[in-house]
Amino acid sequence: MPKIDISSDYESISKAQSGDSKSFEEIIKSSRNLVEVIASKYANAPVESEDLVQEGMIGLFHAVESYDSTKGASFKTYANKCIDNAIQDAIKKNTRQKDVPPQNVVEYLDEELPMMNSEVSAEEIYMQKERLQQVHRAIEEKLSPLEKKVFSLYIAGFSYSEIAARIGKDEKAVDNAVQRIKKKLFDK
């Protein structure tokens, strides 16, 4: 199959949208270089370059599936935008603070993981990682935004008065939040 020019080969794009897997694959193969060029604009991003390319490929898949020639934009323009958006979304997701657990929680939980130089089965490592993920989910699901702030400051070693000053509440509100956190996370 000859290489597809995504700037002008609307027939192949239409076939791909209709379920022709060969056309779809050829568009994806022909466009990988485009994805790599767009991903290279983000070389200084805190995400591996190959991960950015993969996110860009996902954006390209979306572009092929959702392109509508009646909207006035060429496929190449639309694909560029979809690829760029997918890469930017990946970078934003990677840098979002809400997705990062408080530093001391990670250190504390990592202490529970078995030492990697001792003989540990893959199953034990998997089970430890599952428990770690459960704790992270519990924090995300059970704690309110205020409780998450209090929790991260509390485990970082701040006193009630320091926490109160940082979040603009009184010490009693901090104490109440800590008591709720203990109940939500540690009472069974």
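**Helices α2 and α4 are oblique to each other.** The model shown here and in the views below is predicted. The axes of α2 and α4 come within 10 Å. They cross at roughly 55°. That angle is neither under 35 degrees nor in the 65 to 115 range, so the pair counts as oblique. The crossing of α2 past α4 is right-handed. On the α2 side, the meeting residues are Ile27, Leu34, Val35, Ile38 and Ala39. Their partners in α4 are Phe75, Asn80, Ile83, Asp84 and Ile87.

**Helices α2 and α3 pack with their axes 9 Å apart.** The angle between α2 and α3 is about 135°. This pair, too, is therefore oblique. α2 passes α3 in a right-handed crossing. From α2, the contact takes in Phe24, Ile27, Ile28, Ser31, Arg32, Val35, Glu36 and Ala39. From α3, the residues are Glu50, Leu52, Val53, Gln54, Gly56, Met57, Leu60, Phe61, Val64 and Glu65. Charged side chains take part on both sides, among them Arg32 of α2 and Glu50 of α3.

**Helices α1 and α2 cross with left-handed geometry.** Their axes lie 7 Å apart. The packing angle is about 125°. α1 and α2 are therefore oblique. Ser12, Ile13, Lys15 and Ala16 make the contact from α1. Ser23, Phe24 and Ile27 make it from α2. Phe24 and Ile27 also belong to the contact between α2 and α3. Ile27 is also among the α2 residues that meet α4.

**Phe24 and Phe61 form a stacked aromatic pair.** A search of the whole structure finds four aromatic pairs. In this one, the rings of Phe24 and Phe61 sit 5.7 Å centre to centre. Their planes are 10° apart, which makes the pair stacked. Phe24 lies in helix α2, residues 21-40, and Phe61 in helix α3, residues 49-66. The pair therefore ties together parts that are 37 residues apart in sequence. Phe24 has 19% relative accessibility, so Phe24 counts as buried. Phe61 has 33% relative accessibility, so Phe61 counts as partly exposed.

**Tyr154 and Tyr160 form a tilted aromatic pair.** The two ring centres are 6.2 Å apart. The planes are 55° apart. Tyr154 counts as partly exposed, at 35% relative accessibility. Tyr160 is partly exposed as well, with a relative accessible area of 24%.

**Tyr67, Phe75 and Tyr78 form an aromatic cluster.** Ring pairs link these three residues. Phe75 also takes part in the meeting of α2 and α4.

**The largest nonpolar core holds 25 residues.** The members that touch the most others are Leu52, Leu60, Val64, Phe75, Ile83, Ile87 and Ile91. Four elements give two or more residues to this core: α1 (10-17), α2, α3 and α4 (75-95). α2 gives the most, with seven residues. A second, separate core has 14 residues. Its members include Leu143, Val174, Ala177 and Val178.

**Leu60 touches residues from several stretches of the chain.** Residues up to four places away in sequence are not counted here. The partners of Leu60 are Ile27, Ile28, Ser31, Val35, Phe75, Ala79 and Ile83. Leu60 is also one of the α3 residues in contact with α2.

**Glu171 lies in helix α9, residues 171-186.** Glu171 counts as partly exposed, at 43% relative accessibility. Leaving out residues up to four places away in sequence, Glu171 touches Tyr160, Ser161 and Ala164. Tyr160 is the partner of Tyr154 in the tilted ring pair. Ser159 is twelve residues from Glu171 along the chain. The C-alpha atoms of Glu171 and Ser159 are separated by 9.4 Å.

**The whole protein has nine helices and zero strands.** From the N terminus on, the elements run α-α-α-α-α-α-α-α-α. The protein has 188 residues, and 29% of them count as buried. Among contacts with a separation of 6 or more, 54% come from residues 24 or more positions apart.

Notes. Residues are numbered from 1 along each chain as its sequence is written. This is a predicted model: local features need pLDDT of at least 70, side-chain atom pairs count only at pLDDT 80 or more; totals for chains, interfaces and linings use all residues. Side-chain values use heavy atoms; hydrogens and water are left out. Rings of Phe, Tyr and Trp (its six-membered ring) pair if their centres lie within 6.5 Å; planes under 30 degrees apart count as stacked, over 60 as edge-to-face and the rest as tilted. Buried means under 20% relative accessible area, exposed over 50%, partly exposed in between (1.4 Å probe, protein chains only). A nonpolar core is a set of buried Ala, Val, Leu, Ile, Met, Phe, Trp, Tyr and Cys residues joined through side-chain atoms within 4.5 Å. Contact means heavy atoms within 4.5 Å. Axes are lines fitted to C-alpha atoms, for helices over the stretch in contact, and angles run from 0 to 180 degrees between N-to-C directions. Angles under 35 degrees count as roughly parallel, over 145 as roughly antiparallel, 65 to 115 as roughly perpendicular and the rest as oblique. A crossing is left-handed if the near helix is turned anticlockwise from the far one by less than a right angle, and right-handed if clockwise.
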